Amino acid sequence: MKPLKLIVIFLLSISTLTSCSSDNPNNPEIEVLNPLEVYEEVNISYGNENGQVFDLYLPANRTSATKTIILVHGGGWTSGDKLDMNPYAAYIKDQMPGYAIVNMNYRLADNNNPPYPMQINDITSVVDYLETHESYYTISDDIGFVGVSAGAHLSLLWSYGFDTNHKVNMVCSVVGPTNFTDPAYLNNTDPLLQDIIDAFGVDPSIAFLEEASPYHRVTASAPPTILFYGGQDPLIPTTQGTAMRDKLEELNVTHEFTLYPTEGHVWLGLNLLDTTLKLKAFIETHL
């Protein structure tokens with residue numbers, strides 16, 4: 001699953017990533033980073049494995065009220081990289097410069113390591129890391145998620161089922177799977193759709209698939225949610241979006257839903273413009 005590619009018109013300025021080895025949370029000589037200055041660092045470790053790193057972008061003039069947007073890449077849970085989300089990071093820095101940004105990698109699934117709960121645990125580790133270093137970075141504990149494809153599934157699942165301290169103010173799903181017990185998956189005759197289920201192990205039980213499905217984990221206390229789906233997506237049946245929308249409406253959770261009837265798993269042009277403008281307004285309203 002490949003993430004959306006943001007069009008060049010939005011990428012008006014892309015800052016050069018910088019890393020300062022002496023300015024880090026583990027250096028006892030540094031009490032806090034200067035909140036008046038931009039700070040950017042790549043590949044910050046939040047665990048012991050190679051995949052457990054994230055990039056951090058902190059805006060100038062930040063305060064203890066500065067909120068953080070966490071970006072979660074796609075790739076079918078088995079591939080992909082945070083680099084795929086760099087266009088999102090650049091767009092947010094340019095169009096919403098008051099937010100901190102975390103662009104995270106997570107451990108990739110394989111035959112011996114299913115995505116759930118491993119990748120959810122990685123998101124928890126990132127959130128815990130940010131909380132531990134709030135004072136050092138001069139940020140708040142308020143966060144939002146923007147996820148694409150498999151990353152959108154993880155963003156929804158963590159926000160609905162694992163945000164025990166209610167830190168998530170908003171979550172965005174761009175073509176994310178939401179319900180693995182949807183008949184479109186369970187009764188499929190399409191190898192592409194079967195691959196989605198197979199990613200979660202050999203013949204996973206219905207109970208396990210429900211546990212790993214945002215649709216089955218959402219409650220009335222879920223954060224505001226914005227959903228984008230393509231009507232011709234070969235990987236994500238339309239019902240993944242419409243059923244999630246209906247469940248949010250039933251629970252009276254603040255939400256927005258956009259279906260582009262002729263689009264697939266990726267879109268460009270005017271529909272991409274529509275996506276980015278709606279996402280920007282949603283973030284500024286709810287985060």
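## Helix α10 and its surroundings

In this predicted model, the cover over the buried residues of α10 includes β3 (68–72), α1 (86–95), β5 (143–148), β6 (168–174), β7 (225–230) and β8 (255–260). The helix itself runs over residues 269–286. At 1.5 Å a residue, its 18 residues should span 26 Å, and the end C-alpha atoms are 26 Å apart, which agrees.

Which residues of α10 are buried? They are L272, T275, T276, L279, K280, F282 and I283. Seen down the helix axis, these buried residues fall within an arc of 165°, so they line one face. On the other side, L270 and T285 are exposed.

## Two nonpolar cores

The largest nonpolar core has 53 residues. F54, I70, M104, Y137, F145 and F180 have the most contacts inside it. Helix α2 (residues 115–132) gives the most to this core: seven residues. A second, separate core holds 26 residues, including Y91, Y99, V174 and I226.

## Aromatic pairs

The model has 12 aromatic pairs. One of them joins F180 and F200. This pair is tilted, with 4.6 Å centre to centre and 45° between the planes. F180 lies in the loop between β6 and α5 (183–186), and F200 in the loop between α6 (191–198) and α7 (206–211), so the pair ties together parts 20 residues apart in sequence. F180 is buried at 0% relative accessibility; F200 is buried at 4%.

Y229 and F257 have ring centres 6.3 Å apart and planes at 25°, so they are stacked. Y229 belongs to strand β7 and F257 to strand β8. Both residues are buried.

## Charges over rings

The charged end of R245 sits over the ring of F257, 5.0 Å from its centre. K247 lies over the face of Y215, at 4.2 Å from the ring centre.

Technical notes
Residues numbered from 1 in each chain as written. Predicted model: local features only at pLDDT ≥ 70, side-chain atom pairs only at ≥ 80, totals over all residues. Heavy atoms only, no water. Helix = DSSP H or I, 4+ residues; strand = E, 2+ residues; numbered from the N terminus. Expected span 1.5 Å × (residues − 1). Buried < 20%, exposed > 50% of the residue type's maximum accessible area, 1.4 Å probe, protein only. Arc of directions from axis to C-beta. Contact = heavy atoms within 4.5 Å. Core = buried A, V, L, I, M, F, W, Y, C linked by side-chain atoms within 4.5 Å. Phe/Tyr/Trp six-rings, centres within 6.5 Å; stacked < 30°, edge-to-face > 60°. Lys NZ or Arg CZ within 6 Å of the ring centre and 35° of its normal.
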